[in-house]
Amino acid sequence: MAYQHKLAEKLTVLNDRGRGVLVRMNHIKKTCADPKLRPSYLTDKAMEPAIKYINKKFPNIDFKGSCQQLSTVQKQKSAVLEGLRSYYESFLDVKEFREEVYELLNTIDACQCFFNITVNFDFTKNYLDLVVTYASVILILSRIDDKKALVGMYNCAHEMSNGNSDPAYPRLGQMLVEYDHPMKKLTEEFGPHTKAVTESLLSLQLVYPRRNLQAEQWRGAQLLSLLSSPGNMLAPASCDTMACEYLSLEVMERWIILGFLLCHSSLSTNQASQELWKMALRSGLYLTLIRDEIINIHKFSEDYFDGMKGYSKRVADIKECRENAIANCGGIHREKRLFLRNALKELYKVLEDEPRLLGPKALFVFMALSFSRDEVLWLVRHSENVPKTKTPEDYVDPHMAELLFYMERLQTLFHQHKGMIDRYHLLYLSQFDALVINDTAQSLAVCPEEESVLMSSFVTALSALNIKQVQNGEAFDFRALRLDWLRLQAYTSVAKAPLSLKEYPDLAKIMNLAQFHTRMIDNVDGLLQETAELSILCFYPRVFEKMFFQSSEDVTMQRYLMAFPLLCSHFNEGGHPMCPEETEATEKRSLKLSVTFLEEIAKQTCAVVLEICAEQCNLNDQLLPKHCGETISRARNKKLKKPMPKKGEIQKDKPGTESQRKDRGIVTNMDKMHLTLSELCTAFAHYPDFTVFNHSIIPAEFLISQFEIRLTKIIVQMANYNQTTQEISRPSDLLAGVQAYTTSLQTLNRYVNMDVARLVRNVLLQQTQPLDSRGNRTITTLYTNWYLESLLRQASSAVIRHCPTLHCFVNQTTEAEQSFRAEEFSDICELQALAQLLGPYGLKFLSENLMWHITSQVAELKKLVVENMDTLVQMRAKFDKPEEMSSLQKKLTGCENVLKRMTIIGVILSFRAMAQDSLGDVMHMRCPFLMGSIESLRTFVSPDTDIKDTLSVYELASAAGLRCSIDPTLVAAIAGMRTDNSSKEDECKLASLLLIFIAVSLPTLALDVNSFYSREYGGHQNNIHCLALGINHLSAAMFTTQNENIQQHLKEFLLVASSTLLHLGQSVEKAEVKNRDSIYILLHLIVQNSPFLTQDMLESCFPYVLLRNAYREVYKTFIHTLG
């Protein structure tokens, strides 16, 4: 008879089905409660009359007499049917599940099945799970406020579309009405099942009290310790109730509390039931139904018993248990967590050192995981519902990270040593379990045919196992054997069974042991999920984040913080195929939590590292040459025995005194930071990568990302750029700071496996661009703006002088106080530092901005040429006729303007040349072989080479910091100025006349008192010596774009300039004679700096004796000073 009922199969299927229905109902409840996810038909104002009418008349809704109220449903009937179909079918699933459970429970009662968790464990567990799952489904269903509206509206749309109601609607509607008061209806339904439920619950007396001990008792028994009895360390850990040892305490409490609520009559008739029930009530305040849906067990029970006759004592018991729980359970569970942290740590250390103990001592691991999981879940469901107590800190655990971490590490050990565990348990099954099962089967007094077949199949299957199967990597599947054992439990647990399992406890013992061993081979993941699955944390994001941040504040817990993001990788285990919609939401939440935790850990690590780097940067700054003056002065005073400074004056410590210690016990701030860093980096070292919902996550990448963000900001901050006051750090100071940071960052490799070189390259490479990857300004932009707006602007107005001798810019001697010293930002060292910081890309950006300023000046020069076009044409033709040139000179307008704008161009190009030279020096130092190849390529360029090829080579050379006879950047800028309206001939004419304009304007420079040439600085006081570079580069660029002969036009310029300067030599006016020699030197500089003009060309049109006399006269005024 028992064979036909298929109790084992039905229990298995219905439990899985019930779990899916429960998850589905919870999802519907959450969806309807969330305004963003709520079905649109429930939020549409036009639907409100229909919803009110349906709720009022449910389930008997009059469709014909209520056309006005249901008119909106009529209009959208097809959309309503489609939109609410999944909700309606989900409620139908509840109805079908309820009917199947009814039938199975009645069948079990009719068979008078025997239940004992220590004997027929699987049969009893499945029965209790089904009872509690069914009750949970009904309780969650009763919490869905919109269930009647959803079902009623769907049925209205169905009748309007098809002319009749859905066939299942009457019974479904009646079920929803019956469960308006769920507990009342449930207790009526379970009245006939009281005997079976009570029997199964009372079997927990042998398990629950033993599991629900306090931490002091655990310590006394040295629970979970492998070191307490070294002699038995290799002995297999087994007992008569294997599966009961790691059965969840939360599950047992749910069975007891809900079971006795459903069958409350046994509380009055059975003292044992009452004691078990009270023990469960004292263990906590809340019980989980599903996910984050909980019940306040004392309030829930009290409200239910309060209106019932004869239950006043039970209400008093509930109140007493509640007071006891509030007063004691917080402290009890705090001590348990403290014990488990130490116990798991010891267990992990032993097993990590001797992983072969995982075979015989696997039970210890699952017990430890189960105990820990129970404590974590207890804290989670109580954290947001802390009662009024004197010790609220009992409900906060800043050390949770350690417990979670060792739970993860123990699970990792099982996966790392899977092959060894398989070999051990396969030998156990084939060489021990099979033999004992065979002997036990032989000793049975009665063994019917069906049971005999099952027993024989057990022995045959286990005896056939061979160690070579593990070595060959074969996959094992013992699910059929375990289901057969569940069938055997069902067959032998019914009344009047020929073979009664309760009479043969040895058979149950060995089969339960064999079942555990089979799961250790093919279902370790399932065991780990039973004992360590914490996916419920995904539904308590606030509690989860709170635990994380509390742990992160404790330095000793920071090494365990990786447990939090790692837990997110297990959240997919809590889903169910019947509710795929929940899986999508869970995936998003899991990824969000994981990323949040990893970013926070990375931010903390980054903050500590950069704080250490900042301190090292400060120490490095003390060693810079700019700070040596005070040290030298102090040493000199000491040598000369000058009096010591007064007490009020503070003496700075020498660099290096911070490393001198008199006591090893003194802990400095740097020591604390290094300790914090080692703890945080240890967290990254444990798990190089893990997977969350098929997304591969690499923690070190989060650290690198945070470093990029923070380091980029720090480098920009170190530049100290102030746009208002136009202040900025010297490039050498910034470079020293960057090098100090980079050196300090290299120490990260001691703590965590991270590519620091890649990090630094990425950050510094971004700084060579105008904007970084996040669109923020870089040091390239800052220094480009500063040099253009501050240094070159003042150099253009001759406030700052270009000094070829010193290869820098220097401040002019003025009465007004200047904000910076130009030489501190433009000498060779500073520009080389700038080249190292900005690199070729950054200097290219700087050059492009310089070219923009040059083109703006060229545009103005062209306007001046156009204004004086006719005069210039005549002067070009009659430059060798002094009288006519003199009259034409008077007609010219804007000569000073032309020379001023050309001087600005020259100053800009001089600065660019200095920057290019510095870049070339850096490139020669960094990559000499590459520079050698580029220089060799440049030498092959000749005047006969195609201009496109020439510009390509020059562009490469210019990018490497090499000087070229034609500036490709300037050529590109000049070419970009050309408009569609201008012809090539016009542009060539303008360029030629511009040179004529400059040439005939040169004598006016002699009138400027600041045109004096200084031997000391190697240039003129008003920077007109920069005209030499400006004229040569600008003419080369302009005539290159027009494909003209550069040398021919420069010769023409030289002839006109020589002629006009010779006329100047004949002048007798004091003002013109004063600086005439300096202007002669300017002409010489133009030829000297030109790759297209030679000294012979100059001597052919301008006597060398004039140049010689000019240098002699200028050098006479130079004052020699010594010492």
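**Entry 1. Terms and model.**
A helix here is a DSSP run of H or I with at least four residues, and helices are numbered from the N terminus. I note that the model is predicted. With that term in hand I looked up Glu250, which is found in helix α15, residues 249–262.

**Entry 2. Glu250.**
I asked whether Glu250 is buried or exposed. Its relative accessible area is 6%, and buried means under 20%, so Glu250 is buried. I then listed its contacts, leaving aside neighbours within four places in sequence: Glu250 is in contact with Thr288, Asp374, Leu377 and Arg381.

**Entry 3. Strands β1 and β2.**
I went on to strand β1, residues 286–290. Five of its five residues are buried, and I wrote the strand down as mostly covered. Strand β2 covers residues 293–296, and β1 pairs with β2 in the antiparallel sense over four bridges. At one position of the pairing, Ile290 stands opposite Glu293 in β2. The two strands form a hairpin with two residues between them. I checked the backbone in the turn and found that Arg291 has a positive phi of about 55°.

**Entry 4. Ser383.**
I looked for Ser383 and found it in helix α20, which runs over residues 362–383. Ser383 is buried at a relative accessible area of 17%, because the cut-off for buried is under 20%. Which backbone oxygen lies 2.5 Å from a polar atom of the Ser383 side chain? The oxygen belongs to Leu379. Not counting residues up to four places away in sequence, Ser383 touches Tyr395 and Val543.

**Entry 5. Ser457.**
For another serine I turned to helix α23, residues 449–463, where Ser457 is found. Ser457 has a relative accessible area of 29% and is partly exposed. I also took a distance from this residue: Ser457 and Leu481 are 24 residues apart along the chain, and their C-alpha atoms are separated by 8.1 Å.

**Entry 6. Domains.**
I copied out the domain assignment of the protein chain:
- Domain 1 is 1–180.
- Domain 2 is 196–227 + 235–397.
- Domain 3 is 418–523.
- Domain 4 is 581–627 + 669–768.
- Domain 5 is 796–1117.

I then looked up the distance between the centres of domain 2 and domain 4, taken over C-alpha atoms, and noted 45 Å.

**Entry 7. Nonpolar core.**
Which residues touch the most other members of the largest nonpolar core? I found Trp255, Phe414, Phe707, Leu748 and Phe809, in a core of 377 residues. Helix α41, residues 895–926, gives the most to this core, with 16 residues. As background I added that in soluble globular proteins nonpolar side chains tend to be buried together. I picked out Phe707 and listed its contacts, not counting residues up to four places away in sequence. Phe707 touches Cys606, Val609, Leu610, Thr712, Leu745, Leu748, Met754 and Leu759.

**Entry 8. Strands β5 and β6.**
I followed the side chains along strand β5, residues 800–803. Ile800 and His802 point one way, Arg801 and Cys803 point the other way, and all are buried. Strand β6 covers residues 808–811; four bridges join β5 to β6, and the two run antiparallel. Ile800 stands opposite Asn811 in β6. The strands form a hairpin with four residues between them, and in the turn His807 has a positive phi of about 55°.

**Entry 9. Cysteines.**
How many disulfides does the structure hold? I found zero. I asked why Cys808 has no bond to its closest cysteine sulfur. That sulfur is in Cys803, 5.2 Å from the sulfur of Cys808, and a disulfide needs the sulfur atoms within 2.5 Å, so the pair is too far for a bond. Cys808 is buried, with a relative accessible area of 3%. I repeated the check for Cys538: its closest cysteine sulfur is in Cys568, and the 7.4 Å between them is too far for a bond. Cys538 counts as buried, at 0% relative accessibility.

**Entry 10. His1049.**
I finished with helix α47, residues 1046–1065, in which His1049 lies. His1049 is buried, with a relative accessible area of 9%. Not counting residues up to four places away in sequence, His1049 touches Cys988, Ser992, Leu995, Phe1039 and Glu1044. I also took its separation from Pro565: the two are 484 residues apart in sequence and 73 Å apart in space, C-alpha to C-alpha.

Conventions:
Residues are numbered from 1 along each chain as its sequence is written. This is a predicted model: local features need pLDDT of at least 70, side-chain atom pairs count only at pLDDT 80 or more; totals for chains, interfaces and linings use all residues. Side-chain values use heavy atoms; hydrogens and water are left out. A nonpolar core is a set of buried Ala, Val, Leu, Ile, Met, Phe, Trp, Tyr and Cys residues joined through side-chain atoms within 4.5 Å. Buried means under 20% relative accessible area, exposed over 50%, partly exposed in between (1.4 Å probe, protein chains only). Contact means heavy atoms within 4.5 Å. Two strands pair if DSSP finds at least two bridges between them. Domain bounds come from an automatic or database domain assignment. A polar contact is a pair of N or O atoms within 3.5 Å; within protein, one must be able to donate a hydrogen and the other to accept it, and residues adjacent in sequence count only if both atoms are side-chain atoms.
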